[in-house]
Amino acid sequence: MNAPAKTEEFAIKIPDGVYAETVLSVEHYTDHLFRFRMTRPAGFRFRSGEFAMIGLMVGDKPIYRAYSIASPSWDEELEFFSIKVPNGPLTSHLQAIKPGDTVLMRKKPTGTLVLDALTPGKRLYMFSTGTGIAPFASLIRDPETYEKFEEVILTHTCRDVAELKYGFDLVEEIKNHEFLSEIVGNKLKHYATVTREEYPFKGRITDLIANGKMFADLGVPPLNPAIDRGMICGSSAMLKDTKELLEKAGLTEGANNKPAEFVIERAFVG
């Protein structure tokens with residue numbers, strides 16, 4: 001007797017003009033970090049490094065936020081890496097999703113952290129803090145990145161060591177992947193630092209660039225606008241400070257319609 005009522009209770013009215021996709025897996029890293037994978041719409045195209053507006057129905061209305069797509073453009077599924085904000089309009093609900101749940105996504109991806117926005121170079125730096133690693137999770141798994149650059153350096157700075165695990169998992173996945181491992185080879189360097197705990201590599205990435213320690217640790221020369229390119233994604237303070245350091249080294253900021261030596265994602269901070 002209760003079956004019809006139950007069906008009505010779970011019937012969600014999906015807004016027009018958006019994709020409604022199914023959550024496939026959820027992995028919680030810490031009390032405030034998790035990743036999830038969901039189905040990819042058949043007609044959905046994006047460039048690695050772009051972001052999409054994803055959301056949930058909260059009550060009778062959809063709530064959306066900008067999220068970098070962490071999976072590469074060739075992947076048959078979509079992956080996202082998220083913080084958990086206790087009272088966040090979306091993340092307070094998103095952190096509770098489980099396989100089988102529905103996530104909404106608007107149809108048009110966009111973003112500046114794409115290879116097309118950079119002029120040709122030899123070494124690509126990806127500077128990230130916190131969940132700012134998400135667009136780079138896409139790019140380090142895209143063969144095109146390694147066709148365009150001889151060396152790819154992913155930096156990831158968090159407060160605590162536990163928050164770095166997603167980045168280490170990504171690198172491990174690449175090493176164990178049947179075709180990526182061959183394409184990437186030893187071109188990818190992963191430089192993880194923390195600011196609050198003791199760790200072999202400690203400090204804000206901006207300090208480690210400014211004092212030269214990052215270059216010494218990696219065994220590479222200082223930034224050179226002739227060969228080095230950069231992408232930046234993180235907190236607003238980190239974006240500002242890293243931009244200043246790159247400009248001081250002679251690199252110029254680019255965009256989709258005007259490629260140059262480095263690009264910044266300003267759509268959100270994380």
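1. Lys-84 is buried and yet takes part in no salt bridge; Asp-31, the nearest side chain of opposite charge, is 6.0 Å away. A salt bridge requires a side-chain nitrogen of Lys or Arg within 4 Å of a carboxyl oxygen of Asp or Glu, so the 6.0 Å between Lys-84 and Asp-31 does not qualify. The model discussed in this note is a predicted one.

2. Where does Lys-84 lie in the chain? Its place is in the loop between strand E5 (77–83) and helix H2 (91–94). A polar atom of the Lys-84 side chain lies 3.3 Å from the backbone oxygen of Thr-30. Leaving aside neighbours within four places in sequence, the residues in contact with Lys-84 are His-28, Thr-30, Asp-31, His-32, Leu-33, Phe-34, Thr-91 and Gln-95. Asp-31 is therefore in contact with Lys-84, although the two form no salt bridge, because contact asks for heavy atoms within 4.5 Å.

3. The next points concern charged pairs. Side chains of opposite charge can pair when their charged atoms come close. How many salt bridges does the structure hold? The number is 24. Some of the residues concerned are joined beyond simple pairs: Glu-27, Arg-35, Arg-37, Asp-75, Glu-77, Glu-79, Arg-141 and Glu-173 are linked in a network of salt bridges.

4. One of the salt bridges joins Glu-144 to Lys-148, with the closest N and O atoms 3.3 Å apart. Both residues belong to helix H4 (residues 143–148), where they are four residues apart, about one turn of the helix. Glu-144 is partly exposed, at 30% relative accessibility, and Lys-148 is partly exposed as well, with a relative accessible area of 38%.

5. Helix H9 (residues 236–248) holds Glu-244 and Lys-240, which are four residues apart and so separated by about one helical turn. Their side chains meet in a salt bridge, 3.2 Å from N to O. Glu-244 counts as partly exposed because its relative accessibility is 43%.

6. Lys-243 and Glu-247 also lie in helix H9, four residues apart, about one turn of the helix. The side chains of Lys-243 and Glu-247 meet in a salt bridge with an N to O distance of 2.9 Å. Is each partner buried, exposed or partly exposed, and what is the value for Lys-243? Lys-243 is partly exposed, with a relative accessible area of 22%; buried means under 20%, so Lys-243 falls outside that class. Glu-247 is likewise partly exposed, at 37% relative accessibility.

7. Ser-128 has its place in strand E7 (residues 123–129). Is Ser-128 buried or exposed? Its relative accessibility is 0%, and it therefore counts as buried. The side chain of Ser-128 reaches the backbone oxygen of Thr-155 at 2.7 Å. Apart from neighbours within four places in sequence, Ser-128 is in contact with Ile-133, Phe-136, Leu-154, Thr-155, His-156, Thr-157, Cys-233 and Met-238. Ser-128 and Lys-108, by contrast, are 20 residues apart in sequence and 24 Å apart in space, C-alpha to C-alpha.

8. Met-238, a contact of Ser-128, is also in contact with Thr-206. Thr-206 is found in helix H7 (residues 205–210) and is buried, with a relative accessible area of 8%. With neighbours within four places in sequence set aside, the contacts of Thr-206 are Met-238, Asp-241, Thr-242 and Leu-245.

9. Lys-187 is located in the loop between H6 and strand E9 (188–194). At 25% relative accessibility, Lys-187 counts as partly exposed. How far apart are Lys-187 and Ile-153 in sequence and in space? They are 34 residues apart in sequence and 8.3 Å apart in space, C-alpha to C-alpha. Beyond neighbours within four places in sequence, Lys-187 is in contact with Tyr-146, Phe-149, Glu-150, Glu-151 and Val-152.

10. Finally, a point on the surface. Which residues make the nonpolar surface patch of about 250 Å²? The patch is made by Trp-74, Phe-179 and Ile-183. Of these, Ile-183 is found in helix H6 (residues 180–184). Ile-183 is partly exposed, with a relative accessible area of 34%; a patch residue needs over 30%, so this value meets that cut-off.

Methods. Residues numbered from 1 in each chain as written. Predicted model: local features only at pLDDT ≥ 70, side-chain atom pairs only at ≥ 80, totals over all residues. Heavy atoms only, no water. Helix = DSSP H or I, 4+ residues; strand = E, 2+ residues; numbered from the N terminus. Buried < 20%, exposed > 50% of the residue type's maximum accessible area, 1.4 Å probe, protein only. Patch = residues over 30% accessible without salt bridge, like charges linked within 9 Å, V, L, I, M, F, W, Y side chains within 5 Å. Areas by Shrake-Rupley, 256 points an atom, 1.4 Å probe, with all protein chains shown as cover. Lys, Arg positive; Asp, Glu negative; His and termini not counted. Polar contact = N/O pair within 3.5 Å; in protein donor to acceptor, adjacent residues only side chain to side chain.
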